[in-house]
Every structure is written in structure tokens, then in C-alpha cells.
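Work through these short exercises with the structure in view. Try each task before you read its solution.

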Amino acid sequence: VHVVNASRLQGNINNSGTISGGQNGILISDESTVSGVINLAGATVTGGENGINVIYESTVENSIDNYGTITGALHGIYVTEAYVSEINTYAGSIINGGIEAISTDVNIHGGVINGAINADSVNILEDVSFNMNHTITANDVINAGNLVIGNSLRTIAGNYSQNSSGVLEIS
């Protein structure tokens, strides 16, 4: 799915099946705008480089919400020189290739992220157990849930804070 050349999609890109592309599963580029992107449970978005790619002054007005699987060889979700209000991952979801979105908040409601996270902020929400598989780079990492480090070296680059409900588990 490509939304390019200053196009405007009045509504969301909703995926309940399979979206696959040679370079990008979903591309929003060149000053284009969509309301949001929703990848539903059981759905997949796959790209040879990026599962979802938002670039060149494009906008996702609401959020990218993942309940299914998003995969890219370089990045699951890649946002650069563009605006996405937030990225949300939910229980049962998988992002392969990590998230590169330095100006975007990532809210972890559940799920698995296989790859590094580079974002403005990363929020692990209350009642969520999140296994940190790779480096997290963010201005702020806020843990209100259960952040599981495991027994391998992991790095958080940025400010780390933990709410009273948060647990940092090193096993």
C-alpha cells in the first residue's frame, strides 16, 4: 500500500489480511497524510526493508496500532522526517526489525518487539510485562508495568523512570 505524492487518505489504513511489498509493506511518503494505520490481530505487514515506512514530511494524524505482525528486514516501523503521533503495540502483536521513530512516542500495551527501539519516549504501561530484547534509545523510558531484562546485556540510552506500579526484573 503506497500513499505518496502529497496524497490524503481520509481515514485509516486497516489491515485484516496480508500486505507485502518488495521494499515497504506500507509506504506513506512525499507530504502525504493518513488518519491512522491499524494492523489487526492475525494480520501481517511485510516489507523487504520496512514493514511500515513514513517519510519525507508525511503525517499519520492519529497513531500506528499493531495487534498483528509487522516485519521488515531493516525496520518493522520506520519514521523519519515525518510526523506520527504515537505507535501502540498490543498483547499478541509482534514487530520484527524494531522501531526507528526518533520523534514519536511508543506505547507498549503488550506484544513483542524483536529489534532495537529508537523513539522520543517509550512507555511500558501498567499491567504489561515487556521482555526487552534489544537496546532502547529514547529521551524518556517510563516503566509502569514489568520490564524484563533477562540475563543478557541490555542498554537503555536516555532517562529511565519507574512508576510505583513498575517492576524492573533482571533474571
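**Exercise 1. A polar contact**

Which side chain does the side chain of Ser63 contact, and is Ser63 buried or exposed?

Solution. Keep in mind that this is a predicted model.
- Step 1: Find the partner. The side chain of Ser63 makes a polar contact with that of Asp65, at 3.0 Å.
- Step 2: Place the residue. Ser63 sits in strand β8.
- Step 3: Judge the cover. Buried means under 20% relative accessible area. Ser63 has 10%, so it is buried.

**Exercise 2. A salt bridge**

Find the side chains that meet in a salt bridge, and say where they lie in the chain.

Solution.
- Step 1: Recall the principle. Side chains of opposite charge can pair when their charged atoms come close.
- Step 2: Count. There is one salt bridge.
- Step 3: Name the pair. The side chains of Arg8 and Glu61 meet, with 3.1 Å from N to O.
- Step 4: Locate both ends. Arg8 belongs to strand β2 (residues 8-15) and Glu61 to strand β8; the pair links distant parts of the chain, 53 residues apart.
- Step 5: Check the exposure. Partly exposed lies between 20% and 50%. Arg8 has 48% relative accessibility, so it is partly exposed. Glu61 has 33%, so it is partly exposed as well.

**Exercise 3. A patch of charge**

Which residues gather in a patch of negative charge on the surface? Work out where three of them lie.

Solution.
- Step 1: List the members. They are Asp30, Glu31, Glu57 and Glu81.
- Step 2: Take Asp30. This residue lies in the loop between β4 (24-28) and β5 (33-39). Its relative accessible area is 32%, so Asp30 is partly exposed.
- Step 3: Take Glu57. The loop between β7 (50-55) and β8 (59-66) holds Glu57. Exposed means over 50%. Glu57 has 58%, so it is exposed.
- Step 4: Take Glu81. Look in the loop between β10 (75-80) and β11 (83-89). Glu81 has a relative accessible area of 58%, so it is exposed.
- Step 5: Look at the backbone. Most residues other than glycine have a negative phi. Asp30 is not a glycine, yet its phi is positive, about 60°. Glu81 is not a glycine either, and its phi is positive at about 50°.

**Exercise 4. Apart in sequence, apart in space**

How many residues separate Val148 and Phe130 in sequence, and what is their C-alpha distance?

Solution.
- Step 1: Place Val148. Strand β18 (residues 146-148) contains it.
- Step 2: Judge the cover. Val148 has 10% relative accessibility, so it is buried.
- Step 3: Read both separations. Val148 and Phe130 are 18 residues apart in sequence, and their C-alpha atoms are 5.9 Å apart.

Technical notes. Residues numbered from 1 in each chain as written. Predicted model: local features only at pLDDT ≥ 70, side-chain atom pairs only at ≥ 80, totals over all residues. Heavy atoms only, no water. Patch = residues over 30% accessible without salt bridge, like charges linked within 9 Å, V, L, I, M, F, W, Y side chains within 5 Å. Areas by Shrake-Rupley, 256 points an atom, 1.4 Å probe, with all protein chains shown as cover. Salt bridge = Lys/Arg side-chain N within 4 Å of Asp/Glu carboxyl O. Lys, Arg positive; Asp, Glu negative; His and termini not counted. Charge placed at Lys NZ, Arg CZ, Asp CG, Glu CD. Helix = DSSP H or I, 4+ residues; strand = E, 2+ residues; numbered from the N terminus. Buried < 20%, exposed > 50% of the residue type's maximum accessible area, 1.4 Å probe, protein only. Polar contact = N/O pair within 3.5 Å; in protein donor to acceptor, adjacent residues only side chain to side chain.
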